[in-house]
Amino acid sequence: MKMNNEREVKYKDTINIALAGNPNVGKSVIFNQLTGLSQTIGNWPGKTVERMEGHLDFLGYHFNIVDLPGIYSLSTYSLEEIVSREYIVSDEVDIIINVIDATNLERNLFFTFQLLELKVPMILAINQMDVLRRRNIDLDFEELEKIFKLPVLPLVAVHGTGVHQLLEEAIEMVVYRRAHMHFNGSEPEECDHHAHDYYREEHVHGKADVCNSIKEDFDFPDLSDILSFGKEIEEKVQDLTQRIDALSDYFAKYNYPSRFLAVKILERDEEIIKIFKEIKEGNDILKLADKYREELEDYHGEDINTIISSEIYSDILKITDKVMIQEVKEKRTRSIAEKIDHLTTHSFWGYVILVLVIFGIYAFTFTVGDFLGGMINELYVHLSDRIYAIYGEDNSWVNLLWDGGVGGFFGAVGGVLVYVIPFFLVIELLQDSGYLPRAAFLMDRVMHSIGVHGKTIIPMILGFGCNVPACAGCRIMETEREKKISIALTSLIPCAAVMTVVLGLVGRYLGLGWVLFLFMINFSVILIIGRILNKVMPGESTELIMEMHEFRVPNYGVIFKQTWVRSKEFVYKALPLIIVLGIFLEILLIFNALEPINVFLSPITVFWLGLPLITGVFLIYGILRKELTLVLLALLANSLGLTLVEVLTPIQMIVFCLVTMLYVPCFATIVIIAKQTNWKYAIQISSMEIAVALLIGGLIHFGYMFLTSM
Ligand SMILES: Nc1nc2c(ncn2[C@@H]2O[C@H](COP(=O)(O)OP(=O)(O)OP(=O)(O)O)[C@@H](O)[C@H]2O)c(=O)[nH]1
Ligand SMILES: [Mg+2]
């Protein structure tokens with residue numbers, strides 16, 4: 001009995017894995033491949049901002065996989081670094097998969113070296129091998145495994161290559177509690193340990209158990225040859241380590257190896273110093289560390305962090321020298337990626353390209369959208385004629401189900417979805433190619449003038465797709481102040497839904513010139529509000545520090561999948577709403593119930609904005625989703641037997657679109673803003689936007705009246 005209990009306590013068949021590494025290395029691609037979920041992927045650093053968990057069952061084991069935000073070090077420079085560090089050493093994780101970008105090996109290995117100091121079971125996943133190999137460079141994986149004495153696997157995550165082998169290695173580690181077969185006397189050459197069959201037999205049919213205390217039982221390899229610093233530093237680190245070891249009863253609960261603690265107190269890591277300050281002996285060790293640090297800084301004439309980093313980099317350089325295999329030593333010409341990079345960041349052509357890109361987004365979206373939308377509309381008209389011929393046009397059921405329900409569906413698909421899909425497609429293309437950080441670089445000066453970092457342009461460009469993920473993306477901003485300003489500005493970007501309203505109304509009936517006019521007003525509002533917020537919010541904006549990754553041929557699989565995920569969201573969330581509201585609208589019409597709401601709103605809509613009475617209720621619907629303003633207006637016009645031109649005059653179209661563009665973010669965006677900041681701020685932003693929309697809308701209306709009366 002006792003034996004059984006012990007077994008139950010000690011063994012489990014769940015393996016907890018965390019993906020850790022620098023930003024933009026492909027962690028989320030691996031995560032999505034493994035779990036089937038859809039974390040944001042793109043070629044710019046800092047997309048994953050919160051820990052995300054997913055699951056899968058593989059070879060008889062249950063895997064919990066955690067995608068961590070990308071970080072550059074395990075120091076305490078940012079909250080993500082502290083949180084990730086604590087998480088990595090916690091008991092919640094069994095194995096770390098350190099994802100490394102093969103094309104940035106040195107910088108990525110700097111992080112690996114820090115992870116190694118944590119002595120957690122670890123697999124090195126060297127990703128983006130396709131890009132490296134395209135440059136005629138390969139890596140010697142056998143040598144890498146010899147050096148790190150841990151599994152080192154090549155990956156091309158976007159193609160799924162090597163992704164599942166990571167799990168096989170993980171099983172190997174936790175079941176046998178050893179680093180790798182290569183280092184345990186078995187014969188790796190003969191045994192293809194990555195073959196699934198081998199595992200199936202061993203694990204699925206007679207499944208081996210996973211030890212519950214993987215971390216303690218794991219035999220972490222001795223890496224002192226690569227992890228040791230130069231003599232002077234090493235002596236001091238070892239002395240501190242021994243002193244910490246002597247207090248292991250106290251330090252054990254923090255899960256950090258004593259050597260890691262020794263290095264961190266030398267580096268003045270605030271979080272770790274707090275741990276030491278709690279006991280008297282700890283304070284003594286801190287004093288000694290201060291003395292050692294001073295000695296080292298005097299000796300080297302540099303700051304301790306620089307001294308330690310250069311020690312690590314010199315070890316890394318030795319390793320990369322050994323493992324990089326330059327296959328063809330031909331004279332390197334400038335690659336296409338480098339040429340594109342040069343052009344897109346050029347002080348003149350860069351801006352020309354930026355304008356063309358933004359213009360291109362719209363041109364593509366609306367050419368495709370208009371074409372498909374036209375076809376769908378024709379189909380609806382054709383089908384309607386048949387339905388009316390059979391059941392009659394004035395039949396209430398026909399009004400309710402066909403005009404309201406089916407009409408709503410066709411309106412949503414032909415009026416909105418056909419634009420949303422191509423829109424997301426180009427946005428994803430921009431994300432995955434690596435264009436966004438270039439835009440951030442170009443826009444840095446403009447963005448600074450409105451008080452934010454150039455990086456803000458990234459959520460703002462994403463905002464053209466949808467404000468909800470864009471406002472969430474503002475988390476990448478360095479400070480709370482910049483995050484708040486970015487959110488306010490991003491929420492004013494005309495999203496795909498708003499654009500369908502503007503183009504469907506003003507674009508279709510008044511021409512593109514007027515669309516540009518509306519755009520100009522919208523962007524001027526963004527600039528002015530940015531400047532005002534910059535003045536009223538205390539603090540300064542930070543300098544642009546943003547890594548720029550090389551351009552890459554976008555991965556179409558990733559792009560199509562992400563476009564699909566986003567469009568699916570629209571289909572699931574907006575379509576049912578539009579259909580239900582379409583039917584509801586017909587009911588309200590039948591009972592003549594729109595009137596009181598519209599009359600109540602008339603001082604604003606009719607008097608101040610000069611709009612027809614019926615627009616009131618649609619502006620309220622628009623808070624739910626912006627496209628509803630137009631879709632429902634069109635539905636109403638349709639059921640009254642009118643066209644939109646008969647409902648709105650040109651000036652009314654302009655005012656109506658402008659108000660839709662500016663007044664209050666949609667409901668989902670308001671919720672996201674509140675989540676990112678607080679409800680007070682979300683309400684402040686919404687009220688400010690309503691005020692601005694009404695002010696400008698009213699000015700245009702009265703301005704027009706004044707001009708025409710002259
Ligand atoms: N060519 C190539 N591109 C890759 C590979 N793996 C990832 N990418 C691309 O690399 C970029 C970054 O991938 P992500 O998965 O978003 O990176 P991440 O590590 O999660 O980044 P953060 O969340 O910002 O820390 C995307 O544009 C991917 O399409 C690969 O094996 N080959
Ligand atoms: Mg990510």
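**Entry 1: helix H2**

I began just after H2, where Gly36 takes a positive phi of about 75°. I note at the outset that this is a predicted model, so I have kept my wording to what the coordinates give.

Going back into the helix itself, which spans residues 27-35, I asked how many of the residues of H2 are buried. The count came to 8 of its 9 residues, and I therefore put H2 down as mostly covered, with buried taken as under 20% relative accessible area. I listed the buried residues of H2 as Lys27, Ser28, Val29, Ile30, Phe31, Asn32, Leu34 and Thr35.

**Entry 2: ligand 1**

I then turned to the surroundings of ligand 1 and found 25 residues in its shell, the closest being Lys27, Gly46, Lys47, Thr48 and Asp432. Which helix supplies the largest share of that shell? H2 does, with 3 residues, while H2 and helix H5 (129-134) each supply at least two. By residue class I recorded 10 nonpolar, 10 polar and 5 charged residues in the shell.

For the polar contacts I looked up three side chains in turn. In Lys27, which is also among the buried residues of H2, a side-chain N or O atom is 2.7 Å from an oxygen atom of ligand 1. Asp130 has a polar side-chain atom 2.9 Å from a nitrogen atom of the ligand, and for Asp432 the corresponding distance, to an oxygen atom of ligand 1, is 2.5 Å. I also noted the areas: ligand 1 taken alone exposes 660 Å², of which the protein buries 98%.

**Entry 3: strand E5**

My last stop was strand E5, residues 95-101, where I asked whether the residues are buried or exposed. I found 7 of its 7 residues buried, and I entered the strand as mostly covered. In a regular strand the side chains alternate between the two faces of the sheet. Here I see Ile95, Ile97, Val99 and Asp101 pointing one way from E5, and Ile96, Asn98 and Ile100 pointing the other way, with all of them buried.

I next checked the strands that pair with E5. Strand E2 (residues 14-21) pairs with E5 in the parallel sense over 5 bridges, and within this pairing I located Leu19 opposite Ile97. Strand E6 (residues 122-127) also pairs with E5 in the parallel sense, over 6 bridges, and there Ile100 stands opposite Ile126. Following the chain from E5 to E6, I passed through helix H4 (residues 105-117), and I recorded this β-α-β crossover as right-handed.

Definitions and conventions. Residues are numbered from 1 along each chain as its sequence is written. Chains are lettered from A and ligands numbered from 1 in the order in which they are written. This is a predicted model: local features need pLDDT of at least 70, side-chain atom pairs count only at pLDDT 80 or more; totals for chains, interfaces and linings use all residues. Side-chain values use heavy atoms; hydrogens and water are left out. Buried means under 20% relative accessible area, exposed over 50%, partly exposed in between (1.4 Å probe, protein chains only). Helices (H or I, at least four residues) and strands (E, at least two) are DSSP runs, numbered from the N terminus. Two strands pair if DSSP finds at least two bridges between them. A crossover is right-handed if, with the strands pointing away from the viewer, the path from the first strand over the helix to the second runs clockwise. A residue is near a molecule or strand if one of its heavy atoms lies within 4 Å of it. A polar contact is a pair of N or O atoms within 3.5 Å; within protein, one must be able to donate a hydrogen and the other to accept it, and residues adjacent in sequence count only if both atoms are side-chain atoms. Accessible areas come from the Shrake-Rupley method with a 1.4 Å probe; for residues, only the protein chains shown count as cover. Ala, Val, Leu, Ile, Met, Phe, Trp, Tyr, Cys and Pro count as nonpolar, Asp, Glu, Lys and Arg as charged, and the others, Gly among them, as polar.
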